[in-house]
Amino acid sequence: MTPCPCPACDLARSLHALLMADDVDGAIEAGLMTFTACGCTGDDAGMIAPVMQAQARLRTAWDARCRYRLRQVRLARRAQEREARRLAVVPASTDTASSAPERPALPASAAAILARAKAKAADRSKR
């Protein structure tokens, strides 16, 4: 039987040879990722399946690498936002003569309760 004159089959033969020689870089440069199978049923049809499998594995790996890189960028952005929020909470200066009034140590309701308790204790001590 004569070989199929199809250009896709010729490319499949060369890609298959490169992949069997474990030259993935050479196969990529030769057009592995743009390879599309033809409808030939000649002797070269058995070479197309391994080429298509290698193409699918590479595409899956490249997609995973892209997702990983996007995740790293997302995590770095979140870390920067968290650091910016942390720095915004820390006061810019520790001057005692700042224009912002200091917050009371107790909330207003707790301060009122404490004041009433002190007043009761003072009344009891006077008796």
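**Close-up 1. Glu83 and Arg86 pair up in a salt bridge.** In this predicted model, Glu83 is partly exposed, with a relative accessible area of 35%. Its partner Arg86 also counts as partly exposed, at 45% relative accessibility. The closest N and O atoms of the two are 2.5 Å apart. Glu83 and Arg86 sit three residues apart in helix α3, so about one helical turn separates them.

**Close-up 2. Arg77 meets Glu81 in helix α3.** Here the closest N and O atoms of the salt bridge are 3.5 Å apart. The two residues are four places apart in the helix, which means about one helical turn lies between them. Arg77 is partly exposed at 42%, and Glu81 is partly exposed at 38%.

**Close-up 3. Arg13 and Asp10 join side chains in helix α1.** This salt bridge has an N to O distance of 2.0 Å. Arg13 is partly exposed, with a relative accessible area of 26%, and so is Asp10, at 36%. A search of the whole structure turns up three salt bridges.

**Close-up 4. Gln55 tucks its side chain away in helix α3.** Gln55 has just 5% relative accessibility, so it counts as buried. What does its side chain reach at 2.8 Å? That would be the backbone oxygen of Leu32. The backbone oxygen of Met33 lies 3.2 Å from a polar atom of the Gln55 side chain.

**Close-up 5. Phe35 sits in the largest nonpolar core.** This core has 14 residues, and Phe35 is among those touching the most other members, along with Leu15, Leu19, Ala27, Leu32 and Val51. Helix α1 gives the largest share, five residues. Further along the sequence, Phe35 has contacts including Ile48, Met52 and Gln55.

Technical notes:
Residues numbered from 1 in each chain as written. Predicted model: local features only at pLDDT ≥ 70, side-chain atom pairs only at ≥ 80, totals over all residues. Heavy atoms only, no water. Core = buried A, V, L, I, M, F, W, Y, C linked by side-chain atoms within 4.5 Å. Buried < 20%, exposed > 50% of the residue type's maximum accessible area, 1.4 Å probe, protein only. Contact = heavy atoms within 4.5 Å. Polar contact = N/O pair within 3.5 Å; in protein donor to acceptor, adjacent residues only side chain to side chain. Salt bridge = Lys/Arg side-chain N within 4 Å of Asp/Glu carboxyl O.
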